[in-house]
Amino acid sequence: MASDELERDRRLDALLDTVDSPEVSAPLRARVMATIPPSRSSLVRRHPWWSGLGLVGAATVGVAAGTLCMSLLLAPLSNSAPPGSPDGALSFRESAFVLPTTGMQEED
Amino acid sequence: MLFAKDPDAALIRRIAEGDESAAGTFVTRKLHRVLALAHRVCGDPAEAEDIAQDVFIRVWKYAGSWKKDDAKVDTWLHRIVLNVCHDRLSASHRRHEVGAMELDMQADPGPTPEDALVGQSTRDRVWHALALLPARQREALVLTYYQELSNAEAASAMQISVDAVESLLARARRTLKERLLDSIG
């Protein structure tokens with residue numbers, strides 16, 4: 001009885017072995033390989049100008065940031081007009097009400 | 001440890017780190033197994049190729065989440081294949097199971113359910129009999145017999161207990177014997 005069941009198992013296995021698996025075709029392999037995400041190093045290798053573009057971008061950002069800092073630092077100084085300039089008449093730094101001390105001395 | 005040595009562990013770690021050559025090696029090593037499993041589970045060669053492609057896309061995406069204590073890479077990969085197959089079956093309203101049910105319904109009223117198998121080549125008869133199995137029984141059989149996973153590995157891939165795998169296998173083999181041996185010989 002047990003040997004009969006073993007024989008049936010063996011026959012079933014032999015039948016199952018007739019179902020083979022499909023071969024991997026070259027187009028399928030290429031399709032799957034195309035899904036591999038490129039690594040960062042290979043991106044630079046494939047597009048070497050990307051690294052140059054990165055440098056230019058960093059330099060541009062640096063120049064812009066520097067310009068902004070300098071303009072903020074120099075902004076208060078630029079408000080003080082040099083003496084004698086037309087803008088000086090509008091400045092509160094030099095008082096328009098100067099006492100005429102020299103004229104008073106001459107009257108004495 | 002059950003999975004002490006895993007030949008693919010280093011490879012999957014490199015893939016997680018974005019190593020392109022490791023991914024290429026992984027495709028070379030695993031594509032045939034992935035395609036074979038997908039083909040035997042879903043039954044359609046064209047769909048099996050689409051499944052294989054989807055599987056590897058998921059591998060690239062989730063390689064970082066693989067943990068060596070959880071399962072061997074191969075078992076984890078088989079789990080992904082089954083998940084992709086299930087997703088596609090759900091998306092297509094389980095057309096294969098419906099088809100199999102229709103075949104069963106056509107066969108049941110007749111004198112023998114194996115009428116549909118008569119006149120076909122041996123390979124086609126076996127293929128047809130496999131397709132008629134319920135999905136989970138077919139998966140258990142394909143994983144253990146064709147993919148040569150142990151029952152524990154198949155259980156891990158199917159995310160069920162080892163006892164459940166053994167039960168599915170027993171029922172699958174009993175059904176196949178009835179359909180392929182008893183009536184046709």
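This note goes through a predicted model of two chains, A and B, point by point.

1. Overall make-up of chain A. The secondary structure of chain A comes to 5 helices and 0 strands, and from the N terminus on its elements accordingly read α-α-α-α-α. Of the 108 residues in this chain, buried residues make up 2%, a figure that should be kept in mind when the individual helices of chain A are inspected.

2. Helix α1 of chain A. This helix covers residues 2–16 of chain A, has 15 residues, and reaches 21 Å from its first C-alpha to its last, which is close to the 21 Å expected at 1.5 Å a residue. The number of buried residues among the 15 of α1(A) is 0, so this helix lies largely in the open.

3. Overall make-up of chain B. Chain B has 9 helices and 0 strands, and along the sequence it follows the pattern α-α-α-α-α-α-α-α-α. Buried residues make up 38% of its 185 residues. Among the contacts in chain B with a separation of 6 or more, residues 24 or more positions apart account for 65%.

4. Packing of α2 against α3 in chain B. The axes of α2(B) and α3(B) come within 8 Å and cross at roughly 135°, and that angle makes α2(B) oblique to α3(B). The crossing in which α2(B) passes α3(B) is right-handed. On the side of α2(B), the residues that take part are A23(B), V27(B), L31(B), V34(B), L35(B), A38(B), H39(B) and C42(B); those they meet in α3(B) include P45(B), I51(B), V55(B), F56(B) and W60(B), and also the glutamates E47(B) and E49(B). By character, the residues of this contact divide into 14 nonpolar, 1 polar and 2 charged.

5. Packing of α6 against α9 in chain B. Helix α6 (residues 122–132) and helix α9 (residues 162–182), both of chain B, have axes that come within 10 Å and cross at roughly 150°, and α6(B) passes α9(B) in a right-handed crossing. The contact is made by R125(B), V126(B) and A129(B) of α6(B), together with L176(B), R179(B) and L180(B) of α9(B). The residues of this contact divide into 4 nonpolar, no polar and 2 charged.

6. The interface between the chains. Contact between the chains involves 29 residues of chain B and 22 residues of chain A. On the side of chain B that touches chain A, α2 (20–42), α3 (45–62), α6 and α9 each supply at least two residues, and α2(B) gives the most, with 9 residues. The residues of this side of chain B divide into 17 nonpolar, 6 polar and 6 charged.

7. Two residues with positive phi. Most residues other than glycine have a negative phi, and two positions in chain B therefore deserve a look by this general expectation. E148(B) has a positive phi of about 60° although it is not a glycine; it lies in the loop between α7 and α8 (151–158) of chain B, and with 11 other C-beta atoms within 10 Å it is exposed. Q159(B), also a residue other than glycine, has a positive phi near 60°; it lies in the loop between α8 and α9 of chain B and, with 10 other C-beta atoms within 10 Å, Q159(B) is likewise exposed.

8. Residue pairs that link separate parts of the sequence in chain B. Y145(B) has its place in helix α7 (residues 135–146) of chain B and, with 19 C-beta neighbours inside 10 Å, counts as partly exposed, since 20 or more would be needed for a residue to be called buried. The C-alpha atoms of Y145(B) and L169(B) are separated by 9.6 Å, while the two residues stand 24 apart along the chain. A164(B) lies in helix α9 of chain B and is partly exposed, with 16 other C-beta atoms within 10 Å. A164(B) and N151(B) are 13 residues apart in sequence, and from C-alpha to C-alpha they are 9.7 Å apart in space.

Methods
Residues numbered from 1 in each chain as written. Chains lettered and ligands numbered in written order. Predicted model: local features only at pLDDT ≥ 70, side-chain atom pairs only at ≥ 80, totals over all residues. Axes fitted to C-alpha atoms, helices over the stretch in contact; angles between N-to-C directions. Helix = DSSP H or I, 4+ residues; strand = E, 2+ residues; numbered from the N terminus. Left-handed = near helix turned anticlockwise from the far one by under 90°. Contact = placed C-beta atoms within 7 Å. Nonpolar A, V, L, I, M, F, W, Y, C, P; charged D, E, K, R; others polar. Buried ≥ 20, exposed ≤ 12 C-beta atoms within 10 Å, placed from the backbone. Expected span 1.5 Å × (residues − 1). Parallel < 35°, antiparallel > 145°, perpendicular 65-115°, else oblique.
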